[in-house]
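Please find below my notes on this model, set out as numbered points. They move from one residue to the chain as a whole, and then to helix packing and backbone details.

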Amino acid sequence: MDYALLTGIVLVAGVLFALVAQWRDWRPPLAAALAVGIVVRLLIMYTSAIDSWQPVDFVESFKPAGEAVLRGQDPVLASEGGWHFLPTIPYVYGILLWLGIPWEYAGRLVTVVADIVIIPLVAKLAGGPKANLRALQYALNPLAVLIACVHGQVEPVALVFGVAAFVVARGPGDPHRAGITTDVVAKVRHGVAAYGVRASAARVLGRGGMLHRALLPAADDRAHLRRGALAGLLMGLALCAKSWPIWLVPGMLLLLPNLRSRIAALFATGVVPVFFFVTLPIFAGTAIDELPKVIDTIRDIRPIVGEYGWTPWFTNGDWALRPDLASFGTNLIYVCVVAVVLYWRRADPIDMTTAILLIFMVVTPRLGAQYLLWFMPFLVARPTRFAWPAIIAVSTWAGYGYLYMTQFDTNTWWHLHSLWSRASIVLLPILLLAMPWGRRDATAPALVTSPDRTRVTSAA
């Protein structure tokens, strides 16, 4: 990588500036935070585009997918399995290539624009008086810059729609609480008391009772239905970019105010991927009899482990096809996610989502550095005590891979990779500490202690 030193200086300076902003409690205008994010991303995108080193999958998987669309072919099948998702993003690649934009810029333009849009969304997600500070901190987030501008990985595209779905689902509730409406608090924490354990069957099941109001809301509740449908459409677009935003769906649903709006959101979430799939014969030229093959290709993810976490210690730090480790790790993810949902069931849905994504990073058997971006907007918006140690740790690990290891020949790279992948196990306890352990109850205020006073405030 030719511009590793310049990129590293920009990223380190950004982290220092973000920490100083936290220390001094700076709250810049949102336009200023957005401008900083745009300048940093455009600079690193430019140096990455003219660099002699380009990420392998960026050239050998993403580019062929866009070229396939340009030729009127299905990117999933034409790129020989290099694209394992719905062709939503390759459609955009194809348009940019058709406009004559060189691939080194076109492939990154998609992710950079998405990551820039995330900046104001983080402010919306955070809410409260520190919203613009959180936007500035995401604008300077080193991992986000590496993934969007250097690698051109599509995580920012999935995140921009996923975070937007959370913002829409939360609606115009109290922004200082950063994520849960009064109605949701009442139903989650005081549901039994509010509707009465001692209530008669008529009050619960009769006309005008709890169930009737949930299933047949009044006319003024149509706004909630529209909100749920829009949030679901956005989440559906996130799932069209990649499959992992499925982990965001529970939090989005909990942010919605009632059962009908959640049903509308769930329905809309499923409609969007189905639409892009059934229209493949129209937009991608896929033969109808090849649609089952597209599904098989999307589902066919090889159990390659050894990149990160605990599995490199079973593979000597190299990539390996280990179905046993992949299967065990996948089952471990399901068990841990269920435990997290139960433990944080009364928490702010944003905190619960952060916990889900962080526990995934701790127990997953396979991971690329771009996966570590999943939790960033949520953790930056509602930081925990160990949020910045986690952000710095994962950014340092990823930066070593992107900036340092790319300076060497293939054999040296593989040697360094064996050390780098096994060193990632150090991240796991830090990510565990960064989970929102003190926020199990969305209605409980956070206790902030300083040397000269103790006061109660919100977690935002």
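**Notes on the predicted model**

1. Leaving aside residues up to four places away in sequence, Thr406 touches Met1, Trp53, Gly401 and Trp413. The model is a predicted one, and in it Thr406 lies in the loop between helix 23 (387-404) and helix 24 (410-423). Although Thr406 is placed in a loop, its relative accessible area is 12%, and Thr406 is therefore counted as buried, since the cut-off is 20%.

2. For the chain as a whole, the secondary structure amounts to 25 helices and four strands. Of the 460 residues in the chain, 52% are buried. When contacts between residues at least 6 apart in sequence are considered, 75% of them join residues at least 24 apart.

3. The largest nonpolar core contains 130 residues, and Met252 and Met361 are those with the most contacts inside it. Helix 6 supplies the largest share of this core, namely 13 residues. With residues up to four places away in sequence not counted, Met361 touches Tyr308, Leu367, Tyr371, Leu372, Trp374, Phe375, Leu428 and Leu431. As general background, nonpolar side chains in soluble globular proteins tend to be buried together.

4. Helix 6 (residues 103-126) also packs against helix 2 (residues 30-49), at an angle of about 160° and with the axes 10 Å apart. Because of that angle, helix 2 is roughly antiparallel to helix 6. Their crossing is right-handed, and the residues of this contact divide into 14 nonpolar, two polar and four charged. On the side of helix 2 the contact includes Leu30, Ala33, Leu34 and Arg41, while the residues they meet in helix 6 include Glu104, Tyr105, Arg108 and Asp115, among others on both sides.

5. Within helix 6 one may also look at Ala106, which has a relative accessibility of 1% and so counts as buried. Not counting residues up to four places away in sequence, Ala106 touches Leu96, Leu97 and Ile101. The C-alpha atoms of Ala106 and Val92 are separated by 9.1 Å, the two residues being 14 residues apart along the chain.

6. A second helix pair to examine is helix 9 (residues 155-170) with helix 14 (residues 222-241), whose axes come within 8 Å and cross at roughly 165°. Helix 9 and helix 14 are therefore roughly antiparallel to each other. The crossing of helix 9 and helix 14 is left-handed, and the residues of their contact comprise 15 nonpolar, one polar and two charged. Among the helix 9 residues in this contact are Val157, Phe161, Gly162 and Arg170, and among those of helix 14 are Arg227, Leu230, Met235 and Ala241.

7. Two backbone details deserve a look. Most residues other than glycine have a negative phi. Asp25, in the loop between helix 1 (4-24) and helix 2, has a positive phi near 55°, and Asp25 is partly exposed at a relative accessible area of 31%. Asn316 likewise has a positive phi, near 60°, and is placed in the loop between helix 19 (312-315) and strand 2 (320-321). With a relative accessibility of 55%, Asn316 counts as exposed.

Technical notes: Residues are numbered from 1 along each chain as its sequence is written. This is a predicted model: local features need pLDDT of at least 70, side-chain atom pairs count only at pLDDT 80 or more; totals for chains, interfaces and linings use all residues. Side-chain values use heavy atoms; hydrogens and water are left out. Axes are lines fitted to C-alpha atoms, for helices over the stretch in contact, and angles run from 0 to 180 degrees between N-to-C directions. Helices (H or I, at least four residues) and strands (E, at least two) are DSSP runs, numbered from the N terminus. Angles under 35 degrees count as roughly parallel, over 145 as roughly antiparallel, 65 to 115 as roughly perpendicular and the rest as oblique. A crossing is left-handed if the near helix is turned anticlockwise from the far one by less than a right angle, and right-handed if clockwise. Contact means heavy atoms within 4.5 Å. Ala, Val, Leu, Ile, Met, Phe, Trp, Tyr, Cys and Pro count as nonpolar, Asp, Glu, Lys and Arg as charged, and the others, Gly among them, as polar. A nonpolar core is a set of buried Ala, Val, Leu, Ile, Met, Phe, Trp, Tyr and Cys residues joined through side-chain atoms within 4.5 Å. Buried means under 20% relative accessible area, exposed over 50%, partly exposed in between (1.4 Å probe, protein chains only).
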